[in-house]
Number of protein chains: 2
Amino acid sequence: MAITIKDVAQEAGVSVASVSRALNGHASITDDTRKHILAVVKRMRYMPHVGARSLTTSFTNTIGVLLPDLYGEFFSEMIRGIDGAARRRGLHLMVSSLHGDADEAALAIRAMRGRVDGLLVMSPHVDAAFLSDNLPEDLPIVLMNTAAGGTQYPSISVDNYNGAHAMVAHLVAGGYRRIAFLAGPSGNFEAQERLRGYRAALSELAPGAAEHVYEGDFSEQSGQAVGQALLEMDAGRRPDALFAANDMMAIGALLTLKQGGLRLPQDMALAGFDDIPIARYVSPALTTVRVPIADLGVRALESLVAKIGQPGSVPASAQTLGAELVARASTGESTPT
Amino acid sequence: MAITIKDVAQEAGVSVASVSRALNGHASITDDTRKHILAVVKRMRYMPHVGARSLTTSFTNTIGVLLPDLYGEFFSEMIRGIDGAARRRGLHLMVSSLHGDADEAALAIRAMRGRVDGLLVMSPHVDAAFLSDNLPEDLPIVLMNTAAGGTQYPSISVDNYNGAHAMVAHLVAGGYRRIAFLAGPSGNFEAQERLRGYRAALSELAPGAAEHVYEGDFSEQSGQAVGQALLEMDAGRRPDALFAANDMMAIGALLTLKQGGLRLPQDMALAGFDDIPIARYVSPALTTVRVPIADLGVRALESLVAKIGQPGSVPASAQTLGAELVARASTGESTPT
DNA sequence: CTGAAAGCGCTTACAG
DNA sequence: CTGAAAGCGCTTACAG
């Protein structure tokens, strides 16, 4: 067994209460006893059992983070934001990925009870009804990029609709007319909003133009598949621009189209969404909509901390972060890179 | 307050012991009482306090993961491996980044006590002496990519030395003679090993050739800086190949050199180390040494689980994973991408 | 099969 | 200032 506070107390010849007080910088303790105790602590290499402490103080200094995945450029950026904000406040992170269905999400949420002070959740499966069924009622939560926000639970999301709208406007302004859209997974809220933005902008700004929507799933592979399909079309019927609902699909298409001999953007313009780091590195560099991913994480954590600080008193609100168009070479801009 | 096991017991008209047994699938309980209890649990939406459970059972089903950073392609891949292996075993992850110095690492390790069953640590500041000072002695640990492995603590690392050696061999075989090396941070064990591999291979395979070592810090910026310096050299004195100690630096140099008008690999060959996802996407695609990053994470987790299962009985061992050369266009190979 | 009680390692009023 | 004791929410021998 490891050394406990009791061992330290015994060794130092004091009560466990005094050890606790010395350790936690309590005022009511003599300098001498504190020094003596801390010396013993050091000598014995005692480390407090944080789990036990949490049980009595009822706070854990830990935030639970539930994301669809823990890797890939998008989530990596998100984690960067969350981690930075958390460490600034001395908070630890308990993370979990949510690959599966709603049941798995429920399990993951439940597993957090008693180990975290609050929860940051991003999941397409999570809506208000689900949460009220599975969330311990006393556990603060902030949702990210979800359809469930603003009603009972605070949320923070990116303005996907206007971001997509702006991209279509940019393409139309660049002279492109046959603008195809490569959609994300249909069950995904963000994917839906981006598609909605594409449709609205197209009918507003290019009234005559027909919609071309390809199905995708946010993966590079689905971008490659659509790239392949485009290569096999008659050049005459082919769209002159492809707007993918995220960067990874755009990049999959880019590689396939280039390999198939198309010149980008002369034969086809290409655009994505997210502005993940890779977007700048491909050639031509990818025009995209910059989502302040890390920022989103920072803001979400800050909101959560605020909510933990004053439970109940903060009304559920839905924050939205703007998304900004980043024009690069894949839609004809001459960029230094 | 949230609902506790006591509330459930009272509501169901049984003892807390019975509730506990029903919840944990204990054998000695009637079907009827179990069903009744579980019904009450469901109706009250009770969720066990996992922290309290840990205190009595002394296991947490959680693994602590300490990495220099939580984001970027390298760590993202690492986390992917660890997360996958952990979820397969029903383990949760508590993660922490270790930006700072040894003190910060010590703090992070201590903060894990009582919340995790074991620790996965990757940190240049961690050596055997440090660990024996700061690690609770009953806490299993596995080190990754560290100099401290194999002695008192098990470790698993990549064969950086031979990987770098192989890359130099590849460059020499390709006809390159003035092969410069862009080193990583001097305090970093992996960086040291890669440098050592470069030096050894150069003197073995190209006896007459002089070493050219540039200092870097693994960041893209330091790659750009060296790229700039190379551009400003006389073409005659310029190295004909640059081997960077990691991919991000290689990519920084690649972008800068290209922008400066150099043709790659005709004017200069370029190679990296790690094979992060971006390496395939830049053009020319980057020749590199593939480090099985996710695999490293998987193996580390598996070792840790084994150690947790049989404390003390497993001798400290140092596993090494091979690193494989991946030849792409940046050193002259004609690759499809 | 079921319950009362001790105990996990801490913290914190409550006395003194 | 210091200590004895209760309590945080669980689990698990120990009786019955």
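## A tour from DNA strand D to helix α13(A)

Start by selecting A:S18, where a polar side-chain atom sits 2.7 Å from a phosphate oxygen of DNA strand D; this is a polar contact, meaning a pair of N or O atoms within 3.5 Å.

A word on what you have open: this is a predicted model, in which local features need pLDDT of at least 70 and side-chain atom pairs count only at pLDDT 80 or more, while totals for chains, interfaces and linings use all residues. Residues are numbered from 1 along each chain as its sequence is written, chains are lettered from A and ligands numbered from 1 in the order in which they are written, and side-chain values use heavy atoms, with hydrogens and water left out.

**Stop 1: around the DNA.** Pick A:R21 next: an N or O atom in its side chain is 2.6 Å from a base nitrogen of DNA strand D. Then hop to chain B and select B:T56, which has a polar side-chain atom 2.9 Å from a sugar or linking oxygen of DNA strand D.

Now show everything near DNA strand D, that is, residues with a heavy atom within 4 Å of it. There are 28 residues, and those that come nearest are A:R21, B:I5, B:S20, B:Y46 and B:T56. On the DNA side, sugar and phosphate make up 66% of the strand D atoms that come within 4 Å of the protein.

Which helix gives the largest share of this surface? Colour α4(B), which supplies 5 residues. Helices α2 (16–23) and α4 (50–57) of chain A, and α2 (16–23) and α4 (50–57) of chain B, each supply at least two. Helices here are DSSP runs of H or I with at least four residues, and strands are E runs of at least two, numbered from the N terminus.

**Stop 2: helix α13(A).** Select residues 293–309 of chain A: these 17 residues reach 25 Å from first C-alpha to last, close to the 24 Å expected at 1.5 Å a residue, taken as 1.5 Å times one less than the number of residues. Its buried residues (under 20% relative accessible area, 1.4 Å probe, protein chains only) include A:I293, A:L296, A:A300 and A:L304. Look down the axis: the buried residues fall within an arc of 165° (directions from the axis to the C-beta atoms), so they line one face of α13(A).

**Stop 3: strand β5(A).** Among the elements covering that face is β5 (155–158), through contacts of heavy atoms within 4.5 Å. A:S155 and A:S157 point one way, A:I156 and A:V158 the other, and all are buried. β5(A) runs parallel to β11(A), joined by 4 bridges; pairing needs at least two DSSP bridges. Finish at A:I156, whose bridge partner in β11(A) is A:Q319.

How values were computed: Buried < 20%, exposed > 50% of the residue type's maximum accessible area, 1.4 Å probe, protein only. Polar contact = N/O pair within 3.5 Å; in protein donor to acceptor, adjacent residues only side chain to side chain.
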